[in-house]
Amino acid sequence: MPYDGRSVSATHHQIDLQTPSANYPIHIGPDLLVTLAPRLRKLTGFKSHSPRLFLVTSPEIWKLWSTTVLSSFPADGQPTVFLVPSGERHKRLPTVERLLEELAQAGADRGSVLLALGGGVLGDITGFVAAIYMRGIRYIQLPTTLLAQVDSAVGGKTGVNLAAGKNLAGSFHHPLAVFADTGTLGTLPPRELRAGLQESIKAGIIGSPELFHLLETRSDAILHPEHPEHADLLNRAVTASVGVKAGIVAADERESDLRMTLNFGHTLGHAIEAATGYRQLLHGEAVGWGSIAACHLSRERGLLSVEQAGRIERAILLYGPLPPFVATAERLVDRTASDKKNVSGKLSFVVATGIGSVEVVQDVTHAELLSAAESMLHLMRRQPKPPAQP
Ligand SMILES: NC(=O)c1ccc[n+]([C@@H]2O[C@H](COP(=O)([O-])OP(=O)(O)OC[C@H]3O[C@@H](n4cnc5c(N)ncnc54)[C@H](O)[C@@H]3O)[C@@H](O)[C@H]2O)c1
Ligand SMILES: [Zn+2]
């Protein structure tokens with residue numbers, strides 16, 4: 001059941017996520033960073049001169065957003081800032097160790113609060129540091145990419161990559177709150193925005209026909225910052241996407257069947273990322289292709305009508321272009337065997353049973369996966385060559 005965003009004002013929404021281990025608010029709207037300090041005081045009971053706030057971000061994001069973030073803090077109550085280089089390759093244990101040492105040297109104690117300002121990489125690293133520093137301190141997510149706002153900042157999964165694979169070391173540690181300032185999306189490269197919107201489409205497919213309808217009918221505004229309804233509709237899409245994730249996490253905090261539905265499109269999506277060395281496609285773009293393959297499989301099983309599958313495929317391509325890549329269907333299917341969502345040797349696969357409903361199945365055959373991958377590759381080859389993207 002998706003969570004409905006409570007309107008705090010015409011432009012601000014709040015979703016209160018309740019799980020067995022934590023309850024916390026997710027605030028969504030523009031200008032949340034401008035009013036950050038008073039919001040934090042309310043949440044943490046900090047006095048303005050408290051030295052216990054530590055903000056983790058990257059140089060690029062800090063260059064764009066430091067003035068806005070710091071404007072709400074008094075001169076004698078600024079957070080201590082730690083910079084981490086951006087990029088997935090820094091989501092590794094040495095970065096975590098460095099941050100832990102920096103925190104200790106700066107005198108962070110059990111009452112300290114970390115602020116994670118950035119995309120999913122920054123959020124995952126900072127959340128993990130918060131999970132293990134002094135056996136766990138509080139942290140707040142300030143996601144600045146669409147993917148982080150609709151997905152990674154919500155749900156308490158934190159961690160880093162190992163040489164053997166992505167997100168293999170980590171912990172469940174929920175934030176104290178999430179402030180998703182949709183204004184920060186204004187500086188995001190358009191390609192990152194489009195890729196993040198693939199996760200919103202996924203959210204629509206798994207749990208909200210209304211969100212899916214909004215995305216399939218209003219790409220004119222959602223993709224174009226100069227459109228008068230852009231900010232409002234993007235805000236609505238973020239809120240509805242968070243609502244789907246929050247509804248699932250609330251009902252299934254750890255990874256059993258329901259939470260697994262968030263992996264719609266990810267089985268082949270992860271295989272595509274791995275087959276292309278995690279370099280060529282953004283995560284959301286790989287998920288877009290993976291969702292197209294999952295739709296094909298669902299339609300072949302008679303779970304999805306031709307018309308529904310067509311609508312999903314069109315919506316995904318509307319938020320493209322999805323970059324083409326070189327891989328054979330066999331190679332992609334082989335890669336799915338090592339997906340960590342494999343439970344005791346069986347591959348769990350998320351099929352769509354409608355627009356807004358999915359199911360997890362464990363009996364998907366090699367032949368079905370191959371046919372799904374082949375049909376996706378066939379569609380890819382028919383796409384016009386995309387222009388160079390920023
Ligand atoms: N914890 C979870 O539940 C969860 C869920 C999904 C994904 N993830 C993780 O999230 C990560 C991907 O996150 P991502 O897509 O946000 O990538 P990212 O954090 O690498 O950010 C993408 C790029 O955008 C830049 N950026 C961020 N905000 C910006 C802004 N407002 N303006 C301009 N540039 C900005 C970053 O510096 C970076 O170069 C992966 O590591 C993935 O494993 C975690
Ligand atoms: Zn994803």
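# Helix pairs, a ligand shell and some backbone oddities

Helices α7 and α9 run roughly antiparallel to each other, because the angle between them is over 145 degrees. Keep in mind that this is a predicted model.

Here is how that pair looks in detail. Helix α7 covers residues 209–217 and helix α9 covers residues 230–251; their axes come within 10 Å and cross at roughly 150°. The crossing of α7 past α9 is left-handed. On the α7 side, the contact uses E210, L211, L214 and L215, while α9 brings L233, R236, A237, A240, S241 and V244. Sorted by class, that contact holds 7 nonpolar residues, 1 polar and 2 charged.

V244 deserves a closer look. It sits in helix α9, and V244 counts as buried because 27 other C-beta atoms lie within 10 Å, against a cut-off of 20 or more. Leaving aside residues up to four places away in sequence, V244 touches P2, A203, I206, G207, S208 and L211. L211 is also one of the α7 residues in the contact with α9. As for A315, V244 is 71 residues away from that residue in sequence, and the two C-alpha atoms are 18 Å apart in space.

Now for the other helix pair. How are α12 and α13 oriented to each other? They pack at an angle of about 175°, with their axes 10 Å apart, and are therefore roughly antiparallel. From α12, the residues involved are G288, S291, I292, C295, S298 and R299, and they meet V306, A309, I312, E313 and I316 of α13. That contact breaks down into 6 nonpolar, 3 polar and 2 charged residues.

On to the ligand. Ligand 1 has 28 residues around it, and the ones that come nearest are G119, G120, V121, T145 and S152. Four elements each give two or more residues to this shell: α2 (59–71), α4 (120–132), α5 (146–152) and β9 (165–172). By class, the shell has 13 polar residues, 8 charged and 7 nonpolar.

Finally, some backbone geometry to check on your screen. G320 and P321 are joined by a cis peptide bond, with omega at about 5°. P321 belongs to the loop between α13 (306–318) and α14 (329–336).

Which residues other than glycine have a positive phi? M134 and Y278 are two of them, and the table puts their details side by side.

| Residue | Phi | Loop | C-beta neighbours inside 10 Å |
|---|---|---|---|
| M134 | near 50° | between α4 and β7 (138–143) | 14 neighbours |
| Y278 | about 60° | between α11 (266–275) and α12 (283–300) | 17 neighbours |

Are these two residues buried, exposed or in between? M134 counts as partly exposed because its 14 neighbours fall between the limits of 12 or fewer for exposed and 20 or more for buried. Y278, with 17 neighbours inside 10 Å, counts as partly exposed too.

The loops also tie back to elements already mentioned. The M134 loop lies between α4 and β7, and α4 is one of the elements giving two or more residues to the shell around ligand 1. The Y278 loop lies between α11 and α12, and α12 is the helix that packs with α13.

How values were computed
Residues are numbered from 1 along each chain as its sequence is written. Chains are lettered from A and ligands numbered from 1 in the order in which they are written. This is a predicted model: local features need pLDDT of at least 70, side-chain atom pairs count only at pLDDT 80 or more; totals for chains, interfaces and linings use all residues. A residue is near a molecule or strand if its C-beta atom, placed from the backbone, lies within 6 Å of it. Ala, Val, Leu, Ile, Met, Phe, Trp, Tyr, Cys and Pro count as nonpolar, Asp, Glu, Lys and Arg as charged, and the others, Gly among them, as polar. Axes are lines fitted to C-alpha atoms, for helices over the stretch in contact, and angles run from 0 to 180 degrees between N-to-C directions. Angles under 35 degrees count as roughly parallel, over 145 as roughly antiparallel, 65 to 115 as roughly perpendicular and the rest as oblique. A crossing is left-handed if the near helix is turned anticlockwise from the far one by less than a right angle, and right-handed if clockwise. Two residues are in contact if their C-beta atoms, placed from the backbone, lie within 7 Å.
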